[in-house]
Amino acid sequence: MKSQTDREHKIHRSEGPLMYDVIVIGAGPAGLQAALTLGRMHRSALLLDSGEYRNGTVLHMHNVAANDGTPPADFRAIARAQLAEYADVEVRDARVERIDGEQGAFTLELADGGTVAARRIVLATGMADELPAISGLQELWGVGAFSCPFCDGHEHAGKPIAVIGEAARAAHLIGLLGRIVSSITVFPTEGSFAEEDRATLEALGAVVASSSPLSIAREGETVRLTTAEGEASVAGIFVASVVSRQRAPFAEQLGLAMLPSGAIEIDDFGRTSVAGVSAAGDIAHRASLPGAMAAVALAVAAGQLAAVGHIQSLMAEGA
């Protein structure tokens with residue numbers, strides 16, 4: 001195991017806080033990979049973990065080679081244990097309140113009153129999901145209600161499901177899930193569907209409910225939806241009307257360029273519009289894409305690219 005002396009041997013000491021080469025904010029897949037890449041190249045890095053994760057309620061993650069079905073908490077624990085072997089990487093359970101400064105001299109204020117500094121920043125805080133205001137939905141999020149067919153569709157193979165959301169997005173989910181599940185019942189988020197939308201959804205093979213769910217609850221192995229007309233039981237729910245927002249305030253604090261999707265605009269190496277600041281994971285994407293895809297494998301790749309970009313930048317300036 002590395003000693004505290006080894007851990008800090010490349011961190012610059014001055015009158016102010018310790019100066020790391022890179023501070024990574026967020027310890028999901030993107031942040032963990034960024035820290036690992038920095039550690040392997042012997043760059044002093046601090047990984048700050050607030051303990052909040054977009055997939056924090058998920059029991060098993062899927063569509064990740066060698067980790068299909070792994071609990072996200074286990075994935076994070078293994079990654080953190082492996083990071084402990086790298087002398088140049090420090091991991092702290094801490095929340096960042098504010099970022100100030102510029103490339104070469106960023107200062108971060110922590111919730112516990114402490115201050116740390118870095119030449120470069122990787123933002124990997126993830127997005128937060130805002131769900132329709134349906135009683136019981138939040139409690140089932142990630143265990144009986146989902147948004148990603150690539151992550152959770154296969155587990156519902158041959159079973160009836162429900163889709164909740166506006167017609168166009170619901171139609172997209174039907175296209176992805178229709179060949180996997182046995183049947184799909186579509187519920188509007190509020191009120192009822194227009195006749196034209198109802199006809200479109202029925203043409204895709206879905207059953208269209210007359211009104212939106214009033215409440216959702218788990219009943220054994222099924223999920224029960226209650227509407228004004230009655231009840232329906234399905235194996236799971238896919239929500240087509242999830243709104244995602246930046247979990248942390250740093251994009252606004254730093255004045256980063258944003259995209260219509262609500263994500264941070266980045267280039268191919270994850271660099272933002274502010275020099276020295278990169279973003280990785282589902283909080284960012286290139287302008288050539290319509291949105292960020294919330295996938296563990298893509299987040300890992302983005303974290304590595306962001307770290308590589310900073311390493312190249314530090315080399316260029318001789319740091």
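This passage walks through two helices, a pocket and several individual residues of a predicted model.

Helix H2 makes a convenient starting point. Residues 29-40 form this helix, and its end C-alpha atoms lie 16 Å apart, in agreement with the 16 Å that twelve residues should span at 1.5 Å a residue. Ten of those twelve residues are buried, so H2 is largely enclosed by the rest of the structure. The buried set begins with Pro29, Ala30, Gly31, Leu32 and Gln33, and it continues with Ala34, Ala35, Thr37, Leu38 and Gly39. Both strands and helices take part in covering these residues: strands S1 (19-25), S2, S3 and S6 (115-123) are among the covering elements, as are helices H3 and H9.

Just after H2 comes histidine 42, whose phi is positive, at about 55 degrees. This residue has that positive value although it is not a glycine. Histidine 42 belongs to the loop that runs between H2 and S2, and with a relative accessibility of 47% it counts as partly exposed. A second residue of this kind is found further along the chain: asparagine 63, likewise not a glycine, has a positive phi near 65 degrees. Its place is in the loop between S2 and H3.

Helix H3 is made up of residues 72-83. From the first C-alpha to the last, its twelve residues reach 17 Å, close to the expected 16 Å. Which residues of H3 are buried? They are Pro72, Phe75, Arg76, Ala79 and Leu83. Because these residues cover an arc of only 95 degrees around the axis, they sit on the same side of H3. The elements that cover them include helix H2, strand S2 (45-49), strand S3 (89-93) and helix H9 (296-316). H2 and H3 thus appear in each other's surroundings, with H3 listed among the elements over the buried residues of H2 and H2 among those over the buried residues of H3.

Two residues add detail to this part of the model. Aspartate 49 is found in strand S2 and counts as buried, at 4% relative accessibility. Its side chain is joined to that of arginine 80 by a polar contact of 2.9 Å. Beyond residues up to four places away in sequence, aspartate 49 touches Ala27, Arg80, Arg92, Asp93 and Ala94. Arginine 80 therefore figures both in the polar contact and in the list of residues that aspartate 49 touches, and the aspartate itself is buried because its 4% falls under the 20% cut-off.

Valine 58 lies in the loop between S2 and H3. With 25% relative accessibility, this valine counts as partly exposed. When residues up to four places away in sequence are not counted, valine 58 touches Pro72 and Gly142. Pro72 is one of the buried residues of H3. Valine 58 and glycine 144 are 86 residues apart along the chain, yet 9.5 Å separates their C-alpha atoms.

Attention now turns to the loops around serine 211. This serine has its place in the loop between strand S11 (207-208) and strand S12 (215-219). Is serine 211 buried or exposed? It is buried, with a relative accessible area of 13%. A polar contact of 2.3 Å joins its side chain to that of glutamate 229. Leaving aside neighbours within four places in sequence, serine 211 is in contact with Phe187, Pro188, Gly191, Thr227, Ala228 and Glu229.

One of these partners, glycine 191, lies in the loop between strand S10 (183-187) and helix H7 (195-203). At 47% relative accessibility, glycine 191 counts as partly exposed. With its neighbours within four places in sequence left aside, glycine 191 is in contact with Ser210, Ser211 and Ser212. Glycine 191 and alanine 232, which are 41 residues apart in sequence, are 17 Å apart in space from C-alpha to C-alpha.

Last comes the second largest pocket, which holds about 370 Å³ of space. Its lining is formed by 20 residues, and those closest to its centre are Ala284, Arg286, Leu289, Leu298 and Ala302. Strand S19 (284-285) and H9 each supply at least two residues of this lining. Which element gives the most to the lining? H9 does, with five residues. H9 is also among the elements that cover the buried residues of H2 and of H3.

Technical notes
Residues numbered from 1 in each chain as written. Predicted model: local features only at pLDDT ≥ 70, side-chain atom pairs only at ≥ 80, totals over all residues. Heavy atoms only, no water. Helix = DSSP H or I, 4+ residues; strand = E, 2+ residues; numbered from the N terminus. Buried < 20%, exposed > 50% of the residue type's maximum accessible area, 1.4 Å probe, protein only. Polar contact = N/O pair within 3.5 Å; in protein donor to acceptor, adjacent residues only side chain to side chain. Contact = heavy atoms within 4.5 Å. Expected span 1.5 Å × (residues − 1). Arc of directions from axis to C-beta. 1 Å grid on protein atoms, 1.4 Å probe; cavity = no way out; pocket = protein on both sides within 12 Å on 5 of 7 lines; lining within 4 Å. Points joined across faces, edges and corners; volume = space filled by probe spheres on them.
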